[in-house]
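Please look through the structure below with a few questions in mind about how side chains meet. Each answer reasons step by step and finishes on what was asked.

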Amino acid sequence: RAFLFVPGDDRRKIEKGAASGVDSAIMDCEDGVAASRKAEARVTIASALTDAANGALDFGRTEKLVRVNAFNTGMTADDLAAVLPASPDGIVLPKVESADDLQRIDELMRLSVRAPLNGETAGDDARPSIALIAIIESARGIMNLREIAACAESIPRLQALVFGAEDFAGDLGAIRTPAGHEIAYGRAALVVSAKAYGLQAVDMVYLKLDDADGLSAESRTARELGYTGKMAIHPKQIAPIQAAFTPTTAEIAAALRLIDAFDGYQAEGKGAFQLDGKMVDMPIIRAARAVMASARAAGLIDS
């Protein structure tokens, strides 16, 4: 649901992120770190990951991700070499514009592993344990979404696509508006492409730190579009995002009622049926099952 960016060169902020209860903490080597402190960020992140592995730093259920620098910086390989031996849960690659970018980082990740990482070893062709998340934030990236998302079929570690609205708008030369019509096409295209290939879709950051209502509204819209989570840039944004992407008690109860009714009609050999004056068929049942899957992921139900 919520992915929190944390500056990778600040151990104190990493510790705060670990204790925040966020679903995923993204320790950053890229935009959140000054150019002069990239090396410091690598060392700090690797140390935090090592401490997490030996129990000295408790992340709880929070997923430990690292955003590396984009390929055009020339720093990606050094970032990976520094953090992969410390066993992150996943790598976030910014400024992805083509399938070649994902194939290139997947190859680097496989070849950079010098010791077993969460069960993954160098050159391992089995399903890797270290995830890959791609940020799409340019006009070219949006135009190439189909081939980027299709990489899920050949790169098992690819799990999600992220929409980077601010860089996308800048690349277009667009003017950002509260309505967001200038980024609407890219935002919709990303979620469609991600879902077509079984990937999670993660929504853009919300820059207004003191506007919880606006953040909640934008998060609800993202969920309505089919997004499964949203990026956060401050711990105060975690709760509104998680609330928006967590099914309510009423939604869970309604989904259970639909599924129970469907199972009953199926047992009688019936397909579509009426419930509360509305026709119910498979698309409605799939939506109900998606609600239940979200509830399980949030720890609201056991099965």
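Q: How far apart, N to O, are the side chains of Arg1 and Asp23 in their salt bridge?
A: In this predicted model, Arg1 lies in the segment before β1 (2-7), while Asp23 lies in the loop between α1 (11-18) and β2 (24-28), so the pair ties together parts that are 22 residues apart in sequence. Arg1 counts as partly exposed, at 25% relative accessibility. The cut-off for a salt bridge is a nitrogen within 4 Å of a carboxyl oxygen, and here the N to O value is 2.9 Å.

Q: How many salt bridges does the structure hold?
A: Side chains of opposite charge can pair when their charged atoms come close. One case is the network of salt bridges that links Asp28, Glu30, Arg67 and Lys95. For the structure, the number of salt bridges is 20.

Q: Is Glu182, which forms a salt bridge with Arg176, buried or exposed?
A: The closest N and O atoms of Glu182 and Arg176 are 2.7 Å apart. Arg176 counts as partly exposed, with 30% relative accessibility. For Glu182 the relative accessible area is 13%, and since buried means under 20%, Glu182 is classed as buried.

Q: Which residue meets the side chain of Arg187 in a salt bridge?
A: Arg187 has its place in helix α8 (residues 184-196), and with a relative accessible area of 10% Arg187 is buried. The partner is buried too, having a relative accessible area of 0%. The two side chains meet at 2.9 Å, N to O, and the partner is Asp203.

Q: How many residues apart are Asp203 and Arg187, whose pair links distant parts of the chain?
A: The side chains of Asp203 and Arg187 meet in a salt bridge. Asp203 belongs to strand β7 (residues 200-203) and Arg187 to helix α8, and the distance between them along the chain is 16 residues.

Q: Why is the pair of Tyr265 and Phe273 called stacked?
A: A search of the whole structure finds 2 aromatic pairs. In the pair of Tyr265 and Phe273, the ring centres are 4.5 Å apart and the planes stand at 15°. Planes under 30 degrees apart count as stacked, so the reason lies in the plane angle of 15°.

Q: Which residue of that pair is buried, with a relative accessible area of 4%?
A: Tyr265 has a relative accessible area of 28% and is therefore partly exposed. The value of 4%, by contrast, falls under the 20% cut-off for buried, and the residue that has this value is Phe273.

Q: Which ring has the charged end of Arg104 sitting over it?
A: The model has a charged end over a ring in the case of Lys64, which sits over the ring of Phe59, 5.7 Å from its centre. The charged end of Arg104 sits 4.0 Å from the centre of a ring, and that ring belongs to Phe71.

Q: About how much accessible area do Leu207, Leu209 and Ile233 have together?
A: Ile233 has its place in the loop between β8 (229-232) and α10 (238-244), and with a relative accessible area of 33% Ile233 is partly exposed. Together with Leu207 and Leu209, Ile233 forms a nonpolar patch on the surface, and the accessible area of the patch is about 240 Å².

Q: What separation do the C-alpha atoms of Ala217 and Ile252 have?
A: Ala217 lies in helix α9 (residues 212-225) and counts as partly exposed, at 32% relative accessibility. Along the chain Ala217 and Ile252 are 35 residues apart, and their C-alpha atoms are separated by 21 Å.

Notes:
Residues are numbered from 1 along each chain as its sequence is written. This is a predicted model: local features need pLDDT of at least 70, side-chain atom pairs count only at pLDDT 80 or more; totals for chains, interfaces and linings use all residues. Side-chain values use heavy atoms; hydrogens and water are left out. Rings of Phe, Tyr and Trp (its six-membered ring) pair if their centres lie within 6.5 Å; planes under 30 degrees apart count as stacked, over 60 as edge-to-face and the rest as tilted. Buried means under 20% relative accessible area, exposed over 50%, partly exposed in between (1.4 Å probe, protein chains only). A charge sits over a ring if NZ of Lys or CZ of Arg is within 6 Å of the ring centre and within 35 degrees of the ring normal. Patches are made of residues with over 30% relative accessible area and no salt bridge: like charges are joined within 9 Å, nonpolar side chains (Val, Leu, Ile, Met, Phe, Trp, Tyr) within 5 Å. Accessible areas come from the Shrake-Rupley method with a 1.4 Å probe; for residues, only the protein chains shown count as cover. Helices (H or I, at least four residues) and strands (E, at least two) are DSSP runs, numbered from the N terminus.
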